[in-house]
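Work through these exercises with the model open. Each task is followed by its solution.

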Amino acid sequence: MTLKKFFNSEFKRNAFNLLSANIVSQAVALLIYPLITRMYSPEEFGEYNFFLTLCSIFFVLSTGRYETAILQPKSSKDAIAIFHLGLRITLWFCLGLLLLILFLKDFILSFFSLSYIKWTIYLIPVIVLLNSIGTMLTYWFNRNKSFNLTAHYTISQSLGSSFFKLLFGWFSYTKIGLIVATFIGYVCSFTSVLFIKNKKQIIGRLFQSDPVRIKKVAKRYENYPKYTLFHTFVNMLSSNLPALMFTPFFGIKIVGFYALAMSIGFRPINIITSSLNQVYFQQLSQRYNEKKPMLPLFKSFCRNFFFIMFPAFVFIFFFSKDIVPFLFGNEWKETAYILNALLPWFLVSFFTGTFAFIPGIFFKQKSAMFIETGCAILRLIAILIGIHFDNYVISIIGYSFATTFIALFQLGWFYVLIKNYEKKRIYLQSH
């Protein structure tokens, strides 16, 4: 089956809206990297990555992961109730996070030897709040098949952040430039929503609050905070172990090299899979509710995109040592070796990231949590071995190997879940 036959018209249109927006936003971010790597030092990149790591970890906790359930209910009123539930949790969480930072600021800055973050640490709860609400909005947009609104939001954030990174770098405000520019990017994306033509029709419905229904959906989708929350938190924590553990043991400069490798390698994949994830989540959730086939969609995607992605990764492996210094400067050549070590993980994550929602559809969040916990333990062991030998290369290679192994296991598990669904669906239709 060709890609052209694989996509039906609506599906192709939805995927194109999200993918094109994310490709544009990612292209803008990547195109400025040859400039900002010459404006900002590896140390400044390292502290920026550490800041984003804290934001990412707290973001996972901020909504109880209820936002991922917005696409699931048949009733729009239930989806609105989930949105309000996530919003309430987020507001209380961010308030508590601000108080926590007020008490622990000096300890955090001292323990990790951070010299540039300082007062900008107070932006963490604000960015977490904006990111959480923005994520819930995009799920709501996608539920209503308003993928153009999600695209609008994504591009505004990328353009705002990229522009101010360059602006602050140009005027040598490099110590705080990357962090403040990221904050401004979120402000730009929210401001852009105000200029959406049909915002009353789409967003206006979110102002309808039903306390009784909120309690109902909190109970109905309790697996998200009980299992998906822990699963996602463990995943986010283990994904950011290099930034958290390399900082005190190998120095912030190594974190800067690792951050660039993640930015030019994993980030583009993550942006694309995030878009595909939302489109496929909507599509497969609908098929699950309507008892329609899911396996052909899964198999066609894996087969077609493997033959697209694999040659590209082979090319990167052989030529990254020349491309990275040329694009980003000789100061960053260490990044090429880190990038090559992480390539197997990046390739497999393209598929697992796209279908990461599958355990949620089949209410297998508990099993997914155990698998992710195993991955985190293997990652931690790999990094600790490198720390023992005082060699960050050993840590990164072991980290990549452990993650790739678990990701392949997850992909096989997704296939089994869908295969079992197909058997049950066929049996029920024949009886």
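Rings of Phe, Tyr and Trp (its six-membered ring) pair if their centres lie within 6.5 Å; planes under 30 degrees apart count as stacked, over 60 as edge-to-face and the rest as tilted. This is a predicted model: local features need pLDDT of at least 70, side-chain atom pairs count only at pLDDT 80 or more, and totals for chains, interfaces and linings use all residues. Residues are numbered from 1 along each chain as its sequence is written, and side-chain values use heavy atoms, without hydrogens and water.

**Exercise 1. Find the residues of the aromatic cluster that includes Tyr280, then characterise the pair Tyr280 and Phe301.**

Step 1. The structure holds 36 aromatic pairs.
Step 2. One cluster is formed by Tyr280, Phe281, Phe298, Phe301, Phe305, Phe350, Phe351, Phe355, Phe357 and Tyr415.
Step 3. Take Tyr280 and Phe301: 5.3 Å centre to centre, 75° between the planes, hence edge-to-face.
Step 4. Tyr280 lies in helix α13 and Phe301 in helix α14, so the pair ties together parts 21 residues apart in sequence. Helices here are DSSP runs (H or I, at least four residues), numbered from the N terminus.
Step 5. Both Tyr280 and Phe301 are buried (under 20% relative accessible area, 1.4 Å probe, protein chains only).

**Exercise 2. Which rings have the charged end of Lys291 or Lys321 over them?**

Step 1. Apply the criterion: NZ of Lys or CZ of Arg within 6 Å of the ring centre and within 35 degrees of the ring normal.
Step 2. Lys291 sits over the ring of Tyr288, with its charged end 5.5 Å from the centre.
Step 3. For Lys321 the ring is that of Phe317, and the distance is 5.6 Å.

**Exercise 3. Describe the largest pocket and its lining.**

Step 1. On a 1 Å grid over the protein atoms alone, a pocket is an open set of points with protein on both sides within 12 Å along at least five of seven lines; lining residues have an atom within 4 Å of a point.
Step 2. The volume, the space filled by probe spheres set on the points, is about 700 Å³.
Step 3. There are 28 lining residues; the closest to the centre are Leu30, Ile264, Gly265, Pro268 and Ile316.
Step 4. Helix α14 gives the most, 12 residues.
Step 5. The lining has 25 nonpolar, 3 polar and no charged residues. Ala, Val, Leu, Ile, Met, Phe, Trp, Tyr, Cys and Pro count as nonpolar, Asp, Glu, Lys and Arg as charged, the others, Gly among them, as polar.

Methods. On a 1 Å grid over the protein atoms alone, a cavity is a set of points where a 1.4 Å probe fits but cannot get out, and a pocket is an open set with protein on both sides within 12 Å along at least five of seven lines; lining residues have an atom within 4 Å of a point. Helices (H or I, at least four residues) and strands (E, at least two) are DSSP runs, numbered from the N terminus. Buried means under 20% relative accessible area, exposed over 50%, partly exposed in between (1.4 Å probe, protein chains only).
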